[in-house]
Amino acid sequence: MQPRVFPPVDGSVTLPESIDFHIKHNPYAPVYIFAEDGKPDPTSITYLEFGRAADRVAHHVRPARNGPEGQVVAVVALSDTLLYQAVVVGILRAGLTPYPMSPRNTGAAIIKMMKDTCCHRLLTTQETLLPLVDDIKSDPTYFLSIEEMPPILEIFPKLGQETLEDPFEPYPTGIRPPLDNVMMYLHSSGSTGLPKSIPQTFRSMVHWASFPSISDHRRSGTAMAAMPLPPFHTFGVIVQLLVAHYSMKTIGLYPPIATTPKLLPMMPSPSNILDHVTRSGCDSLVTLPTFLQIWSQDRDAVHFLADLKFVAYSGGSLPSKLGDILIDSGICLNQIYGATEFGAPTYFFCQEGDGKDWEYNKFSDLANIHWDPQDDGTFECQFLTSDTHRVSVENLPNIRGYATSDLWVPHPTKPYLWKIVGRKDDVIVHTSGEKTVPAPMENVIMSSPHIMGAVMFGRERDQAGVLIELKPEYSMDPKVKENLITIRNSLWPVVEEANKVAPAFSRIYKEMILIVSPNKPLPRAGKGTIRRKAALLLYAEEIDAIYAEADATVESEGMDPPASWDLDNAALWLQQQVEDIHSGRPFSISGDLFDQGMDSLGATILRRRIVNALKIEKTQKASQLVTQTTIYTYPSIDKLSGFLVDIVADPDTFVLTTNKTDAIESMISKYSTGLSEPIISSTNESTNDGAVVLLTGSTGNLGAQLLESLLRDSRVETVYTLDRPSSGTKSLKDRQAERFTDKALDVSLLSSSRLVALQGEASQANLGLEPATYEELRRSVTIIIHNAWRLDFNLSLSSFEPNIKGTRNLVDLARSTPHAASVKFLFTSSISATFSWDKSRGLYPEDIVTDSRYAVGIGYGESKYISERILAQSGIQATSFRIGQITGGAPNGAWATSDWVPIFVKSSIGLGVLPDAIGVTSWLPMHAVSQAILDVAWSPERSLPALNLVHPRPISWSSIVSSINEAMAEEGVVASKFPLVTYQEWFSLLEKRSSNPSEEDFKNIPAIKLLEFFRANASMDETLRQQGVEDTETGGWATLATDKISSISKTIDALPSLGKADASLWVRYWRNIGFF
């Protein structure tokens, strides 16, 4: 490698002139490095290539050097950093003045800054910043030329491969400007309102380059990662331009990916930063404090950072405890102090022996500092203008220099070290580096008639909060959770007004409102003003607690979760939360949250709300999976909702699958392995005189009905029931008896010697049974009725994997019996396995449908479909029954009150109307379902792989609801029949009652708890009405063929349509058990 030749920092080589210097002395030395996907080695950009790229930009923005020198060109763009900095230097090469601006500014702020600097040209990315560009255009009084950023492949045509031999047209040079001319503009953070434009001269930038924060890097030629730094930020300019070009430190960047106007650059996230540090071969990192806070909670990330030569940060403070933890973990942590007004006049690396003093800075002798005492042990840092340090802003009254308003204290034993402890002007410096000036926001908050005091806080934190003291007549004890919620909600409108006058990073979230206790008033001076420092000291413990609460995401106040944790509801809920966090600004479901304006503060608040919602739902395991990086890993509402649905469904082994059909087919493949092997049977027929039946799920409604029928049947020699062990005090026999009693079945049958009740788990080896018991089953069983399944329509597929595994274990049992060829396996599947059936294909057939697209929908149905497919490959006589809605049946009409039909009936009583709907219902009474399954069991014909178990003679929804209406009146449940209204009208009444429900409402109108389910039904009914479809299944379900089941089952073939007698049975049952 050729020895590096460093450009001098005496003013003889300015930043744009460093291009020619390096092309002459260091053409093939790497200035930037990045890792591209699909390439084994990192890509390096040499000084030659970058210099030529800058000249291509110059040709682009000022062809042939035509026009006046020094015109200001603003850059507001979402571009790759490599292109962005080439554009900044290229504008300089063209003899113009670049003004990089943050795209987070408002249109008004950008127009203001352009007017301040007489700028009439704007380079931007017009498609990815369309709303902002439209906002900028809204000022018709200001002439402005808006131009697209040049394409990166036009500026870097060889991207990592350019050599001196490649054709190139150098940009013509002009007259060298004086060193005190403005080289570029940078702007302040806008913490006091609109950002301020700060001119940076050629001289001041050379002075910056001479500071040890930059010159220290000449010690080493290794690569330093700077991916997290925004290229428009002062820290970004210092590292990505001055360190790179004056100290020749190779700077690690993200790879350029925004190759067309519609594409966005890579946005920094905690995970992709570390990923690209590794892939680009960097051995050190410069970052922002906000990322250090996130990494500190990840053990692997801390270990990774400890292996780097150093980790440097600037742009904000880092909490002392956090920094100490990082230091104690072996991380070499360096703090850089600087600002747009004066550069970074501190040392980058600490002296040997000072590593534990990471909070302290050593200042360069090149800076002339006056430490102004504040009479409280602190000193304001003031930089005086000198020959070696020309400050960019002078604000001292009697001498040239800049008063920073930053307050410092000296090290107790090392006089060369100083520690920043606060701000003279009450400005709050966050860990993000952004600054909040509290006065404007506090003034708005104080306009509330309820408030007598307000003090904002947030130094060394990632977000602002406010301490509010209520007037005595409005005061409440904030330690009472209900009081705190009430107070925060009542104050929220005025806090939102305050948020409108502040930058986004200063926004106060509802969770960060801290209420003063009536017993601990804010300290005040004699004239009644709040003593700010004393107030913050008095409430230091509470302030620490509110941030600890945020960091730990414990439940700080009620956070209503989605109506259910399914994809639609989770996405809707997330969208509502995101838009609320961002003051009602709309966010799309599929778009990247960070591209749409979310920042790290918003991500923190969103994570907190998600975790609190999960905790309320008692999904503790799932809440623990939502980490600081979750929002970055799943950066859109649809991706995030998919993640949440899956972790709620199965927090232990969740797998997010973007393609549901792939997930279905993958699970079919997983649990079908080995089924192609031939079955080895010793005989085709059982040697038993009667049937030996294994029934799973005997304590459920259908299971109990099946069990009673089996025990009554003389053809059955033995019934083995397999149920999961009791979780409470009731024994398995008690649970079976309780179900029999509820359904008015003959409880004495449970004492039969033919019943063997087993407790086990189908998903476990040997079904969770003792080896001898399993062997007894294996040798004797002739019929398996698999009826046990987890019943929850909100869970995703992965949550049902134990059920699918149990199905495979039962298949293996059947295949291993001595008479496997004659064993019948009867599986209670569901019509939900037909969820996405294409109705244009006609009736859903009584056969195995191998296109898994038609099963995609809810995890419950997908899992049933998978089991159908596994059974079809099993080689045994297996039949899957796709069972529709089951009603109460003989003898007493028992219909579980947890089902949606009794829920809507009871709720209709509370609403005073019943819902009418278009279409028909194919509901089947429980006893008919049970008997139909047994009809197939006893059939001498070889089993068919699939049968549809729905009513062959459906009736209209209007008819069945009218029958329920009449039955309620006749049974004295209601005084008279209710009017029927459209489903949509009924749902509107329900939704209205759900807006602020009381405990009584939940009791009398339980449909409130299934609001989204009924919303979907109402929406589907409205669609069917508009389409004029009347012969389809109510709710839009597929219509199922029933010819084959009718031919096999005499029960189904002769089954009468549901009617008044059935409805009377149901209503009488509900009334008798006290449901009404």
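In this predicted model, Phe 50 makes a good starting point: leaving aside residues up to four places away in sequence, Phe 50 touches Ile 19, Val 31, Tyr 32, Ile 45, Leu 82, Gln 85, Ala 86, Val 89, Phe 156 and His 245. Two of these neighbours, Tyr 32 and Phe 156, return at the level of the core. The largest nonpolar core has 95 residues, and Tyr 32, Phe 50 and Phe 156 are the members that touch the most others within that core. A second core, separate from the largest one, comprises 42 residues, including Leu 810, Val 811, Ala 855 and Ile 876. In soluble globular proteins, nonpolar side chains tend to be buried together.

Stepping back to the overall architecture, the protein contains 37 helices and 36 strands. Its C-alpha atoms fill a box of roughly 110 × 75 × 60 Å along the principal axes. Of its 1076 residues, 58% count as buried. Among contacts between residues at least 6 apart in sequence, 71% join residues that are at least 24 apart. The chain is divided into domain 1 (15–287), domain 2 (427–554), domain 3 (567–658), domain 4 (691–883) and domain 5, the last made of two segments, 899–919 and 955–1075. A distance of 66 Å separates the C-alpha centres of domain 1 and domain 4.

Strand β24 (residues 691–696) offers a clear view of local packing, with 6 of its 6 residues buried. Ala 691, Val 693 and Leu 695 point one way from the strand, while Val 692, Leu 694 and Thr 696 point the other way. This arrangement matches a general pattern: in a regular strand the side chains alternate between the two faces of the sheet. Strand β24 pairs in the parallel sense with strand β25 (residues 716–723), over 6 bridges. Within that pairing, Thr 696 has Leu 722 of β25 as its bridge partner.

Aromatic contacts form another theme, with 38 aromatic pairs in the structure. In one of them, the ring centres of Phe 342 and Tyr 402 are 6.0 Å apart and the planes meet at 40°, so the pair is tilted. Phe 342 lies in the loop between β13 (333–335) and β14 (360–362) and Tyr 402 in strand β17 (residues 401–410), so the pair ties together parts that are 60 residues apart in sequence. Phe 342 and Tyr 402 are both buried.

The pair of Phe 835 and Trp 1037 has a different geometry: the ring centres lie 5.7 Å apart with the planes at 90°, so this pair is edge-to-face. Here too, distant parts of the chain are linked: Phe 835 belongs to the loop between β28 (824–830) and α28 (859–872), whereas Trp 1037 belongs to the loop between α34 (1011–1027) and α35 (1043–1048), 202 residues apart. Phe 835 counts as partly exposed because its relative accessibility is 40%. Trp 1037, at 29% relative accessibility, likewise counts as partly exposed.

One aromatic cluster brings together Trp 895, Trp 900, Phe 904, Trp 923, Trp 957, Tyr 983, Trp 986, Phe 1014, Trp 1066, Trp 1070, Phe 1075 and Phe 1076. A member of this cluster, Phe 1075, also meets a charge: the charged end of Lys 906 sits over the Phe 1075 ring, 4.9 Å from its centre. Elsewhere, the charged end of Lys 520 sits over the ring of Tyr 539, 4.5 Å from its centre.

Note on methods:
Residues numbered from 1 in each chain as written. Predicted model: local features only at pLDDT ≥ 70, side-chain atom pairs only at ≥ 80, totals over all residues. Heavy atoms only, no water. Core = buried A, V, L, I, M, F, W, Y, C linked by side-chain atoms within 4.5 Å. Buried < 20%, exposed > 50% of the residue type's maximum accessible area, 1.4 Å probe, protein only. Contact = heavy atoms within 4.5 Å. Phe/Tyr/Trp six-rings, centres within 6.5 Å; stacked < 30°, edge-to-face > 60°. Helix = DSSP H or I, 4+ residues; strand = E, 2+ residues; numbered from the N terminus. Lys NZ or Arg CZ within 6 Å of the ring centre and 35° of its normal. Domains from an automatic or database assignment. Pairing = 2+ DSSP bridges.
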